[in-house]
Amino acid sequence: MKKRRMYLNAFSMNCVVHQSPGLWVRPESRMVDYKDLNTWVELAKLLERGKFDALFLADVVGVYDVFNGNRDAAARSATQLPVNDPMLLIPAMAQVTKNLGFGFTSGLLQYPPYTFARLVSTLDFLTNGRVGWNIVTSYLESAGRAYGLDGLPEHDERYEMADEYCEAVYKLWEASWADDAVVKDVENGIYSDPSKILDVDHHGKYYKFKGCHLTEPSPQRSPILFQAGASPRGREFAARHAECAFFLGPNAKVDGEYIADVRKLTAATGRDPNDILCYAYMKIITGGTEEEARRKYDDYFSQIDYESAMALMSGWSGLDFGELDPDMKIEYVETNAMRTMLQGFAEADPDKEWTVRDVANYAGIGGAGPVLVGAAEQIADELEEWTEHGVDGFNIAYGVTPGSFEDFIDGVVPILQQRGRVQKEYSEGTLREKLYGSGRSRISMPHPAAQIRREAWGEGN
């Protein structure tokens, strides 16, 4: 039986330190040059050489100020501060690549739906249909304050807001312009048919606007829709909206349980459960031999900035780790931030009693997800084992960049290609077609975006 191919995303952020605090000082790291557009252009070309499906760009619009009640630790180590906008990188990277996709993160607070819809359509044109949107509800209370709120709305209410936000932008992308609205009639000087351009009149609980979409239909109309959230409400949201879902499970079994639940919820909405591609978050340290990879990991480990790792964990979990004894055992508690963050450590190794110090050290290289360390053949074997639990692909974080990606592309990718698990050549078409097959450039029924399109323009649309 032929095995399905793996989907590969590189995970990065337009900042000095994404999720490896302390490692930016290493001479091989390029992230101190994050403001130099060449850094990103070269990364995009590298990833396309490695036949990655997409570069996935994270983002935050707040600061990590939960640890010790201030942002000092994050600022000292440049941990996601300073951080620049991810969307503005995409056109330059698209210009030097032909096939690589670009997923970017944008939260509900950042733009009104009307403005955001035009930004995304513009990017879809500039990339020839290779753009995706990671839908986030935010988890940093500082983000809420920065946008004029007292803090963030409660966890589940943020998802209610996200449901409506998506509905609003779907209307603009899918229902405002008919497929044949643009006629380009040079002889009569008519570019578009006014009768085939509709106003969107949205009056919801959280958002309100009236007007037509300002751009004509882009190659994908709606971008590929990414989502990451393993809480019960997050999984429900993914089942309704996501085409690609990311999971931060501590091991393959836990990720498999998340994925099975999302697919079950997806089927309950009437969608094909296989229409959601499920990605596992993964940190990979590899080398020519297992011993070399272990030495590299130990070397990275020795440079972890403990306080900055605590700043990340405090922001992710909503708990001030500065108030905790480093040798205190952690317990899962509900917070208004990432609800499953601490639970994951307990589930990763039930026989281990995790301490605050353990968490910081574990998360200090590439974030809070699992880490694979070994020779290329070992890494390929372990990735294949993860796919046996329903994982379709991997969102791959780095210790240092571009080095971690170069090691993976030069060592692991050729092995996976030989096994038929990673593509040797790209498919033609938009990002959605590259992921789902030729002829599927648009979201298909019964996704809510497709339903909105059909309600506006009838069957066959």
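Q: Is Y114 buried or exposed, and how do I read that?

A: Burial is read from relative accessible area: under 20% is buried, over 50% is exposed and anything in between is partly exposed, using a 1.4 Å probe and protein chains only. At 26% relative accessibility, Y114 counts as partly exposed. Before going on, note that this is a predicted model, in which local features need pLDDT of at least 70 and side-chain atom pairs count only at pLDDT 80 or more, while totals for chains, interfaces and linings use all residues. Residues are numbered from 1 along each chain as its sequence is written, and side-chain values use heavy atoms, with hydrogens and water left out.

Q: How many aromatic pairs does the structure hold, and how do I recognise one?

A: Look for rings of Phe, Tyr or Trp (its six-membered ring) with centres within 6.5 Å; planes under 30 degrees apart are stacked, over 60 edge-to-face, and the rest tilted. The structure holds 23 such pairs. In one of them, Y114 and F209 are tilted, at 5.9 Å centre to centre and 50° between the planes. Y114 sits in helix α4 (residues 113-126) and F209 in strand β8 (residues 208-211), so their pair ties together parts 95 residues apart in sequence. Helices (H or I, at least four residues) and strands (E, at least two) are DSSP runs, numbered from the N terminus. F209 is buried, with a relative accessible area of 12%.

Q: What about the rings of F116 and W133?

A: Their centres are 4.8 Å apart and their planes at 55°, so this pair is tilted. F116 lies in helix α4 and W133 in strand β4 (residues 131-136), so the pair ties together parts 17 residues apart in sequence. F116 and W133 are both buried. Ring pairs also link them into a cluster with F104, Y111, Y165, W173, Y206 and Y207.

Q: Why is β4 described as largely enclosed?

A: Count its buried residues: 5 of the 6 are buried, so β4 is largely enclosed by the rest of the structure.

Q: Which strands pair with β4?

A: Two strands pair if DSSP finds at least two bridges between them. Strand β3 (residues 101-107) and β4 pair in the parallel sense over 6 bridges, with T105 bridged to N134 in β4. The chain runs from β3 through α4 to β4 in a right-handed β-α-β crossover; right-handed means that, with the strands pointing away from the viewer, the path from the first strand over the helix to the second runs clockwise. β4 also pairs with strand β9 (residues 224-228), in the parallel sense over 4 bridges.
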